[in-house]
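Biologist: Could you take me through a single part of this model up close? I'd like to look at the place where the two chains meet, and then at whatever helps to set it in context.

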Amino acid sequence: MFANRNFNWQMVLGFEVHIELATLSKMFCGCPADHFAKAPNTQVCPVCLGLPGSLPVPNTKAIKWCVKLGLALGCDINLFSKFDRKNYFYPDLPKGYQITQYDIPFCHDGELLGHKIKRVHMEEDTAKLQHQGNATLIDFNRSGVPLVEIVTEPDFVSSDDGILFLKEVQAIVRALGISTADMEKGSMRLEANISIKRPDHPRLPDYKIEVKNVNSFRFIKKAIDFEVNRQIQLLESGQTPVQETRGFKEATGETVSQRVKEEANDYRYFPEPDIPPLQFTKAQIESWRKELPQLPAQVQEELIHKYHLSPQYAVIISGNQEMYAQFLKNPSKAMADALVNKRPVQTTPVAEVNQEVVNKILAANPKAVADLKSGKQQALFFLIGQVKKQLGNIDVSLTQRIIEENISK
Amino acid sequence: MLIDETIASLANKLKKKEISPVDIAKECLKQIEKQNPKINAFITQVDSKAVLDQAKKIKLTTPLSGIPYVLKDVYVTKDLRTTAASNVLSDYIPQYDATVVHKVNSAGSILLGKMNMDAWGHGGSTENTDFGPAKNPWDITRVAGGSGGGPAAAIVSRMCSFAIGEDTGGSIRNPAGWCGITGLKVTYGRVSRYGSIAYASSFDSVGPTAKTAEDCALILQHIAGQDPHDATSSPLPVGDYLSRLEEGIQGKVIGVPKEFMGEGLDPKVKKLILVAAQKFTDLGAKIEEVSLPTSKYAISVYYLLAPSETSSNLARYDGIRYGNGRDKFTPETMRRIMIGTYALSAGYYDAYYKKAQQARTLIIKDYQKVFTKCDLILSPISPTPPTKLGELINDPVKNMLADIYTVTTNTAGIPALALPCGFTRSGLPIGMQLQGPMFSEEVLLQAGYAYQQVTDWHVRKPQL
Ligand SMILES: [Zn+2]
């Protein structure tokens with residue numbers, strides 16, 4: 001949008017997205033991972049408190065989920081991988097280091113909606129600081145919760161473009177069932193890296209502003225747009241923006257400086273000696289790939305190509321399973337409009353799907369039935385289409401259920 | 001004394017009800033009262049009444065039941081002060097028991113106390129401790145070795161039957177050698193490290209210290225095995241250390257690396273190692289000279305990697321959580337933290353940490369190659385007899401070089417058995433070590449057992 005106003009500058013925008021996984025236990029110990037609204041420091045043990053002598057044992061389910069997310073984001077998987085220590089001091093970090101992945105993340109070089117994903121890696125969450133008056137209290141319930149970090153290339157050129165991407169990530173995470181990806185509860189956290197440059201300048205700018213702790217898509221968009229204008233004004237008045245971390249003030253719609261980075265932190269990364277390196281097999285990765293559910297991208301393709309919806313509508317509808325199911329009951333432009341704009345849905349008669357019709361169609365299409373039995377979801381849509389041909393307007397989810405029941409008999 | 005006997009012998013008498021656990025416990029408590037003030041082996045003693053109460057109630061379920069033992073003060077013990085010999089943890093009471101503590105306690109052994117050591121394992125003489133140096137029971141003007149000087153001194157002066165030691169660069173073997181007892185550094189991963197306050201995570205190993213190889217076999221049988229709390233513990237089945245102990249070493253090839261017998265080795269020590277080699281020949285083994293060319297880099301590798309890991313492991317003692325601040329670290333510990341921090345820093349990582357890791361791989365390969373030619377390696381433990389108090393702690397470089405024959409073992413992750421092989425003319429004990437391939441504890445213990453059947457160095461005790 002700002003590009004329309006100002007052709008002299010080009011936005012350089014990238015994201016770091018943190019997803020807290022909804023595993024039963026934490027990343028390196030047996031404590032419950034779900035810490036939302038729990039009494040402080042009730043879900044802790046020697047490991048997540050970093051007590052002397054304690055050792056981390058990695059949660060294999062979290063690792064699998066991280067790899068599956070990487071696969072869903074089109075990443076390559078490193079068959080050999082490891083954990084590393086990131087050393088720094090902060091009161092929310094009881095060991096004095098965070099266990100993360102440095103040079104060999106589980107997943108790398110993915111692509112989503114035309115944007116390059118640098119890496120997807122696994123790490124542990126920190127404890128939560130609560131400021132009360134002059135005191136700061138520490139709640140370790142969150143310490144050691146599995147956290148996946150997705151890092152994109154800075155190849156976004158507008159905030160809208162960015163939001164579309166972030167919503168898609170959220171939809172994928174939800175489709176995988178690995179996190180609620182709820183921004184208000186902090187299970188999905190966004191960090192935007194923003195700078196601007198002349199369009200013909202070949203390299204990235206030599207500064208970047210991180211905007212952190214923004215808990216909705218709407219606000220991150222506002223923050224990005226505000227930040228771009230602020231930086232343009234600075235650069236046009238001959239100043240270079242200071243490399244810093246900024247927060248977002250919801251009341252004013254402005255970003256505010258939180259921490260100026262005077263020099264690069266030296267985290268003294270080195271391989272975590274308490275956890276042996278991990279070795280996956282190709283077969284293992286392929287079997288995980290087969291477990292991937294129908295992903296929003298596939299649903300979107302269906303919505304765009306089969307039902308001729310706009311990409312914006314497709315992203316919104318595919319990102320909400322209830323909405324998608326609702327849409328399939330009456331797949332029409334009017335329904336999509338109604339759902340997206342939350343207008344009352346004009347009800348249309350839905351033909352009853354009867355068992356007999358389904359039986360007939362299944363009998364007439366043995367190849368599709370065989371395909372479906374071997375796990376090819378495309379065959380299901382073909383069969384639903386055949387039922388639709390016979391009956392006209394049908395309840396798609398009901399039809400699907402009847403077909404699946406028949407197949408599994 | 002009852003406590004002169006092996007664990008098996010005591011267990012047998014307990015079973016036959018010839019003696020009771022209280023008899024043994026009383027003897028140990030009396031000995032502690034009498035000898036510890038001279039030796040300073042303990043940092044924290046378990047209350048005598050609690051020890052006797054436990055001895056009265058103990059059920060005899062294993063050969064370790066009713067046997068009094070001590071812990072190097074690096075193992076966390078629930079509700080019992082654990083200091084790692086540092087004032088940083090001078091009043092730290094842990095919330096849980098280390099896995100090895102849990103195992104030994106479950107077997108019915110009776111804990112007498114937490115033992116003196118070099119703080120965090122940083123040293124080879126138990127002088128880098130905030131609780132006063134432990135003294136050598138054979139000559140109290142000399143050090144007991146380190147870092148586990150307290151446990152070794154307590155065993156040889158008969159204050160307990162055995163100890164759980166911890167060896168990062170020689171911390172079980174060095175004091176075993178200088179106090180005249182037997183100690184086993186196990187293969188990395190053979191015994192769980194959970195609850196062992198980390199010095200250098202990829203080097204630390206948990207092992208038994210006792211009077212004999214037989215005792216060590218018995219203890220190892222109870223503490224070895226995979227632990228769900230330690231991802232680096234090995235899933236390999238635990239060996240048959242006890243039942244195969246008497247298999248002997250007939251036909252085994254024992255290599256003596258020329259690099260461990262050359263310059264810098266005290267001639268008195270060298271002579272005793274050669275005499276021991278002859279003993280092994282008499283027992284049916286074949287002695288051969290071998291070479292470990294990369295071992296000359298081991299000290300450099302160890303003193304880059306271990307401090308790197310320790311700089312990270314000790315970061316949690318930041319003054320927020322454990323009462324005392326970083327100003328309580330000793331100069332030797334600060335030196336290691338700073339060396340490690342430097343080696344991991346951007347711009348130095350490749351030249352130091354990474355280079356050292358590459359050299360570590362070469363050392364491992366060197367050992368693998370040698371073990372295609374021999375079954376075991378015989379070498380000295382320390383280049384000299386026990387040093388005078390103050391000699392090592394005031395000379396940081398000399399302090400490092402005291403570890404020259406022991407750090408290669410931890411760098412390679414292999415096991416090693418330390419056992420006494422004689423005395424100097426002035427009556428100071430000298431030890432030797434046998435190293436073996438990964439998970440060769442059975443063979444090491446068989447060799448140690450065979451040797452101790454035909455020698456009596458291990459039964460000698462100091463006149464205090
Ligand atoms: Zn925990």
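Modeller: Sure. One term before we start: a salt bridge here is a side-chain nitrogen of Lys or Arg within 4 Å of a carboxyl oxygen of Asp or Glu. The idea behind it is that side chains of opposite charge can pair when their charged atoms come close. And keep in mind that this is a predicted model.

With that in hand, go to the boundary between the chains and find B:Arg193. Its partner is A:Asp274, and the closest N and O atoms of this salt bridge are 3.0 Å apart. The interface of chain A and chain B has 1 salt bridge by this rule, while the structure holds 41 over all chains. Polar contacts add to the picture: 13 residue pairs make one across the interface of chain A and chain B, with both partners at pLDDT 80 or more. On the side of chain A that touches chain B, the elements giving two or more residues are strand S4 (84-87) and strand S15 (270-271) of chain A. By residue type, that side of chain A divides into 21 nonpolar, 5 polar and 5 charged.

Now the extent of the contact. Chain A puts in 31 residues and chain B puts in 35. About 2500 Å² is buried between chain A and chain B, and carbon and sulfur atoms give 57% of that area. If you want residues to click on, try A:Pro52, A:Leu55 and A:Arg268: in chain A they lose the most area to chain B, together 25% of what that side buries.

For context, look at a contact inside chain A. The domain assignment splits chain A into domain 1 (10-290), domain 2 (296-340) and domain 3 (355-408). The C-alpha centres of domain 1 and domain 2 of chain A lie 29 Å apart, and their contact takes 8 residues from domain 1 and 7 residues from domain 2. These two domains of chain A bury about 580 Å² between them, with 67% of it on carbon and sulfur atoms. On the domain 1 side, A:Leu164, A:Glu168 and A:Ala171 supply 59% of the area buried against domain 2 of chain A, more than any other three residues. Between domain 1 and domain 2 of chain A the rule finds 0 salt bridges, and the count of residue pairs in polar contact is 1, both at pLDDT 80 or more. The residues of domain 1 of chain A that touch domain 2 divide into 5 nonpolar, no polar and 3 charged.

Chain A also has a salt bridge of its own that you can bring up: A:Glu124 pairs with A:Lys95, the closest N and O atoms being 2.8 Å apart. A:Glu124 sits in strand S7 (residues 115-124) of chain A and A:Lys95 in the loop between S4 and strand S5 (97-100), so the pair links parts of the chain 29 residues apart.

Last, a couple of backbone spots in chain B. Most residues other than glycine have a negative phi, and most peptide bonds are trans. The peptide bond from B:Gly146 to B:Ser147 is cis, with omega near 10°, and B:Ser147 is found in the loop between strand S5 (139-143) and helix H5 (149-156) of chain B. B:Ala84 is not a glycine, yet its phi is positive, at about 55°. You'll find B:Ala84 in the loop between strand S2 (68-72) and helix H4 (99-106) of chain B.

Notes: Residues numbered from 1 in each chain as written. Chains lettered and ligands numbered in written order. Predicted model: local features only at pLDDT ≥ 70, side-chain atom pairs only at ≥ 80, totals over all residues. Heavy atoms only, no water. Domains from an automatic or database assignment. Contact = heavy atoms within 4.5 Å. Buried area = accessible area lost by both parts, 1.4 Å probe. Polar contact = N/O pair within 3.5 Å; in protein donor to acceptor, adjacent residues only side chain to side chain. Nonpolar A, V, L, I, M, F, W, Y, C, P; charged D, E, K, R; others polar. Helix = DSSP H or I, 4+ residues; strand = E, 2+ residues; numbered from the N terminus.
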